Amino acid sequence: MSYLELKNVSKFYSGVVAVQDFNLEIDKGSLVSFLGPSGCGKTTTLRMIAGFGRLDEGTILLDGEDITDVPPNRRDIGMVFQAYALFPNMTVQGNIGFGLLMKKTPKKEIKKKVDHVLELVRLQDTAKRFPHQLSGGQQQRIALARALAVQPRVLLLDEPLSALDAEVRVVLRGEIRRIQSELAITTVYVTHDQEEALSISDKVVVMNKGVIEQVGIPEEIYRAPKTHFVATFIGTANQFLGKVSGTNTVMCNHFHLLVDDLKGFNEGQRAVVLVRPETIQVQPDPPERKGWNIIPGEVETITFHGAVTRLGVNIYGQRVAADITVAHTKSISLNQKIWLLFSPDACQVMAVDEE
Amino acid sequence: MKHPQKPVRETDTKIRPTGWQILCIALFLFYMLLPIVSTYAFSVATRWDRTILPEGYTLEFYIRAFQTSYFTITLRNSLILSVATIVVSLIVIVPTVYWVHTRLIGLKPWLDVLMILPFGIPTVVLALALVQVYNFPPIARSPILLIGAVVVYSMPFMYRPVSNALQAIDALTLTEAGQILGANVFQVLSKIIIPNILPGILSGTLLVFSTVFAEYTLTSLIVGAGFKTFPLLLVEYTRINGNIAAAFSVVSFTIAWLFSILILWGGSKGQNASAETIQAR
């Protein structure tokens with residue numbers, strides 16, 4: 001059953017669309033990410049859920065109650081900001097207890113609850129410190145604890161990790177997910193980092209230019225993107241432009257590609273074929289594999305990425321990315337002539353966005 | 001002969017002022033302190049026109065200053081004017097600047113320009129214009145009109161520090177953080193914003209106090225003898241007896257300093273916390 005519901009939500013800034021016709025249902029206890037490039041409307045949407053910025057159209061329902069016109073201080077929602085936004089004049093204890101104080105909670109109970117959430121974020125010994133005495137990662141944990149202390153109905157996180165180091169980011173996103181599932185708190189997480197979104201979400205909402213491009217579980221978003229934008233925004237995808245021919249071929253300029261499924265396409269229609277680098281195999285000798293796509297090319301760049309090595313391969317003037325595992329790297333060198341090999345089911349065909 | 005390879009010891013890494021720097025600083029201090037020191041000396045000098053140093057010392061002028069019939073009244077009037085101006089400034093400016101920083105961000109450049117205007121308008125013009133416009137009782141030539149004029153005149157001194165402090169703490173995000181935790185506007189202001197901008201409010205208060213306490217032109221032109229303030233008395237005595245005027249100046253300095261210390265001491269608790277905030281940035 002949906003717990004938080006956004007219906008036909010739109011927001012314009014002096015006539016320019018920020019968010020348009022946004023419809024979403026979020027289940028109780030789930031973590032949903034809004035993912036998209038900057039300016040896609042994800043933060044605007046989150047802020048409307050929090051009550052910052054009025055809606056120009058639509059309604060927001062929380063647990064069946066229409067909260068569209070409820071001011072932020074009466075929504076019972078917790079929020080973590082990108083810039084931590086801890087109160088500099090208060091200790092950690094004061095910060096976390098603030099929301100409870102506003103609710104006129106008895107002092108004893110405040111102390112108990114503060115201790116509890118501090119334990120949850122594993123920073124029990126910082127209660128008496130001031131925010132500036134903590135590291136960025138610690139400050140953000142305290143901000144999370146502060147948002148959780150009031151036991152909000154929904155937790156909103158606005159790019160909470162983007163100000164932190166890469167290492168802290170990975171640890172903290174795991175922590176956020178752990179705490180979120182432990183408390184089973186309905187959470188909306190805004191990020192522009194796809195890895196972050198894919199790794200911690202129950203559901204990902206990909207947004208672009210104020211509209212939802214796709215909603216789905218992380219696997220779906222990655223494996224079966226529904227739009228050209230999603231396919232190119234999530235992960236890396238090689239793109240081959242061509243025209244549909246027959247039931248399983250797309251004709252490109254210098255070669256043709258065998259694909260799995262061309263349902264819904266017309267003969268001769270312009271289409272783009274997307275192939276992820278990790279689905280491409282690289283062979284130094286001409287391979288023989290019937291029914292697969294085989295394209296010759298020349299290695300232009302070799303970039304070491306740790307677990308994989310990415311090759312930039314020139315095929316008929318187009319640069320194509322292919323990932324190979326370290327075990328294969330030795331046999332490949334710059335300017336070497338090689339063959340790319342990928343199966344038809346690695347190819348995703350999309351209609352070309354007419355722009 | 002020079003030593004080409006002078007061994008570098010650790011103490012040499014300390015930055016020491018060069019002869020030029022010492023000279024510049026000394027000149028600056030001399031320039032700043034000479035009038036103050038002279039005033040102090042003149043207030044206790046018996047005769048000082050034939051020698052480099054006064055010929056003798058006396059407290060007579062202080063006794064005569066304190067005995068002046070207008071002494072306490074003008075002092076009281078000056079304090080009333082200063083404190084009233086500070087109170088009005090705080091009530092008008094702090095919420096306005098906060099509002100502009102959080103709700104009407106687009107208006108900030110306009111407000112910035114508006115706050116330079118008092119510097120651009122000559123006080124004489126301001127005073128005469130106000131006297132002409134507000135020429136009806138009970139406002140005409142009243143202390144109320146004076147307070148209003150002085151508030152406008154000293155506004156930039158309150159505005160700047162408060163505005164800078166709000167800028168430094170990212171008032172908008174802190175406001176939103178407070179709101180989402182259930183605080184209303186008054187709670188956000190009293191528990192979050194004001195404690196964090198206290199250093200700005202304090203320095204604004206100090207600047208306004210020292211400006212208003214020494215204000216002459218507006219007072220003289222708007223109310224004149226009707227509400228005599230300390231600077232008016234002081235100027236009056238420069239024509240009667242320079243030594244007594246010097247004694248008045250010393251009293252004025254002392255009050256200004258005492259008041260400054262009082263404000264700083266009163267706000268030191270909050271300031272410590274806020275100083276830590278600023279350190280953190």
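Trainee: How many helices and strands does the secondary structure of chain A come to?
Mentor: Good place to start, and keep in mind that this is a predicted model. Counting both kinds of element in the secondary structure of chain A gives nine helices and 20 strands.

Trainee: Which strand of chain A does S14(A) join through five bridges?
Mentor: Strand S14(A) covers residues 270-275. Its partner runs antiparallel to it, and one facing pair is Val275(A) opposite Cys347(A). That second residue belongs to the strand you want, S20(A).

Trainee: Why is strand S20 of chain A said to be largely enclosed?
Mentor: A residue is buried if 20 or more other C-beta atoms lie within 10 Å of its own. Strand S20 of chain A spans residues 347-351. It is largely enclosed by the rest of the structure because, of its five residues, the number buried is four.

Trainee: Which helix gives the most to the largest nonpolar core?
Mentor: In general, nonpolar side chains in soluble globular proteins tend to be buried together. Here the largest nonpolar core has 140 residues, and Leu156(A), Val273(A), Leu146(B) and Val162(B) have the most contacts inside it. The top contributor, with 15 residues, is a helix of chain B covering residues 143-169, namely H7.

Trainee: How many residues does the other core have, the one apart from it?
Mentor: Look in chain B for Phe61(B), Ala65(B), Phe230(B) and Leu234(B), which are among its members. This core lies apart from the largest one, and its residues number 12.

Trainee: What percentage of the residues of chain A count as buried?
Mentor: Chain A has 355 residues. The share of them that count as buried is 41%.

How values were computed: Residues are numbered from 1 along each chain as its sequence is written. Chains are lettered from A and ligands numbered from 1 in the order in which they are written. This is a predicted model: local features need pLDDT of at least 70, side-chain atom pairs count only at pLDDT 80 or more; totals for chains, interfaces and linings use all residues. A nonpolar core is a set of buried Ala, Val, Leu, Ile, Met, Phe, Trp, Tyr and Cys residues joined through C-beta atoms within 7 Å. Helices (H or I, at least four residues) and strands (E, at least two) are DSSP runs, numbered from the N terminus. Two strands pair if DSSP finds at least two bridges between them.
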